[in-house]
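Below are some notes on the model, set out as numbered points. They go from the annotated site through the cores and one helix to the charged pairs and the backbone.

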Amino acid sequence: MHYWIKSFERKMKLDEDLHQKIAKEMNLSETAFIRKLHPNDNFTQSSCFGLRWFTPQNEVPLCGHATLASAAVLFHKIKNVHSTLTFVTMSGELKARKEEDGIVLDLPLYPAHPQKLHEVEDLIKTAIGDTLVQDVRYSPDTKKLLVRLSDTYNRSFLESLTVNTENLLQVETTGKVKGLILTLKGEPGGQTQAFDFYSRYFAPWYGVAEDPVTGSAHTVLSSYWSEQLGKKDLHAFQCSNRGGELTISLRSDGRVDIKGGAALVLEGTLTA
């Protein structure tokens, strides 16, 4: 379940710097702003909208869970009449499809290439100390570093791992890395539900120490684990304190469908 507050540009046009100020006040991983693309558009009747995402510190090019939450507000609160919505974003057009058991996001799929360990060894050691690493990949499209932990570890280890994000800004100053993904191969079912892989995500470069559930990270994770496991349909769990399940399907057109759920928990009005 994803719990987010959405801000709409409805009765007034927000000044450019006001987006960032609102996001800082919200103090969530991302605050999303939905806007009409044309003066005659209607939040109930139109099917295409503009969408931007801001952390407390920066605007970001892609955010999956805030897109899902935006679609949920339009579908369930605003009662938009369409079953599929299109969002025009910095990452191109993204679609959200309403289904009975959740919302499916149509997102880009980004490859992660082998990364020489010695080039990022200080960053990894600062973050996770002497934790054993099995693979390191880098996504130039998203500037995310994917670090796969040893298969000898389990979900409980990843959940309890203390990650030092405070010093990462001093270690990585080149701008090459903007997000750190820790991931682990899943475990077969038993007393707990089976998942294909687990992850945690950290982006202190954007002012986000740890993100609860990260759609943008899964545009990279989906590509990696599909290749590793030889599967197109994947079930993932992000092991933050809040946690979240993701149902993933890689498509033949080189994109990925990611399904999740949303709940509206707070509503307010922004006045001039």
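1. The model is a predicted one. The points that follow should be read with that in mind.

2. Annotated site. An unreviewed UniProt entry lists Glu30 under "active site", and this annotation may be inferred rather than shown by experiment. In the model, glutamate 30 sits in the loop that runs between α1 (16-26) and β2 (31-35). Its relative accessibility is 8%, so glutamate 30 counts as buried although it belongs to a loop.

3. Main core. The largest nonpolar core is made up of 46 residues. Within that core, the residues with the most contacts are Trp53, Leu74, Phe87, Ile103 and Ile248. Helix α2 (residues 64-77) supplies the largest share, 7 residues. In soluble globular proteins, nonpolar side chains tend to be buried together.

4. Surroundings of Ile248. With neighbours within four places in sequence left aside, isoleucine 248 is in contact with Phe197, Leu234, Ala236, Val256 and Ile258, among others. Its contacts also include His218, Ser222, Lys232, Asp233 and Asp257.

5. Second core. Apart from the largest core lies another, with 25 residues. Val120, Ala127, Tyr138 and Cys239 are among them.

6. Helix α6. This helix covers residues 215-229, which is 15 residues. From first C-alpha to last it reaches 20 Å, close to the 21 Å expected at 1.5 Å a residue. There is nevertheless a bend of about 30° at leucine 221. The helix is mostly covered, with 12 of its 15 residues buried. Leu221, where the bend is located, is one of the buried residues, as are His218 and Ser222. The last two are also among the contacts of isoleucine 248. After the helix comes glycine 230, with a positive phi near 65°.

7. Serine 139. This residue is in strand β9 (residues 133-139). Its relative accessible area is 0%, so serine 139 is buried. Not counting residues up to four places away in sequence, serine 139 touches Tyr110, Pro111, Ala112, Lys144 and Val220. Of these, Val220 is one of the buried residues of α6. Glutamine 238 is 99 residues from serine 139 in sequence, and their C-alpha atoms are 19 Å apart in space.

8. Salt bridges around Arg251. The count for the model comes to 17 salt bridges. In one of them, aspartate 106 pairs with arginine 251, with the closest N and O atoms 3.2 Å apart. Aspartate 106 is in strand β7 (residues 102-108) and arginine 251 in the loop between β15 (244-250) and β16 (255-260), so this pair ties together parts that are 145 residues apart in sequence. Aspartate 106 counts as buried because its relative accessibility is 10%, while arginine 251 has a relative accessible area of 27% and is partly exposed.

9. The wider network. Arginine 251 also forms a salt bridge with aspartate 257, where the closest N and O atoms are 2.9 Å apart. Aspartate 257 has 14% relative accessibility and so counts as buried. Shared partners join Asp106, Arg251, Asp253, Arg255 and Asp257 into one network of salt bridges. Asp257 is, in addition, one of the residues in contact with isoleucine 248.

10. The Arg200 pair. Arginine 200 and glutamate 210 form a salt bridge, the closest N and O atoms being 2.9 Å apart. Arginine 200 lies in strand β12 (residues 197-203) and glutamate 210 in strand β13 (residues 208-211), 10 residues apart. How do the two ends compare, buried or partly exposed? Arginine 200, at 7% relative accessibility, counts as buried; glutamate 210, at 27%, counts as partly exposed.

11. Backbone outliers. Most residues other than glycine have a negative phi. Asparagine 27, which is not a glycine, has a positive phi near 55°. It is in the loop between α1 and β2, as is glutamate 30. Lysine 79 likewise has a positive phi, about 65°, and is found in the loop between α2 and β5 (84-89). Asparagine 27 has a relative accessible area of 56% and is therefore exposed; lysine 79, at 54% relative accessibility, counts as exposed too.

How values were computed
Residues numbered from 1 in each chain as written. Predicted model: local features only at pLDDT ≥ 70, side-chain atom pairs only at ≥ 80, totals over all residues. Heavy atoms only, no water. Helix = DSSP H or I, 4+ residues; strand = E, 2+ residues; numbered from the N terminus. Buried < 20%, exposed > 50% of the residue type's maximum accessible area, 1.4 Å probe, protein only. Core = buried A, V, L, I, M, F, W, Y, C linked by side-chain atoms within 4.5 Å. Contact = heavy atoms within 4.5 Å. Expected span 1.5 Å × (residues − 1). Bend = angle between axes of the 7 residues up to and from the residue. Salt bridge = Lys/Arg side-chain N within 4 Å of Asp/Glu carboxyl O.
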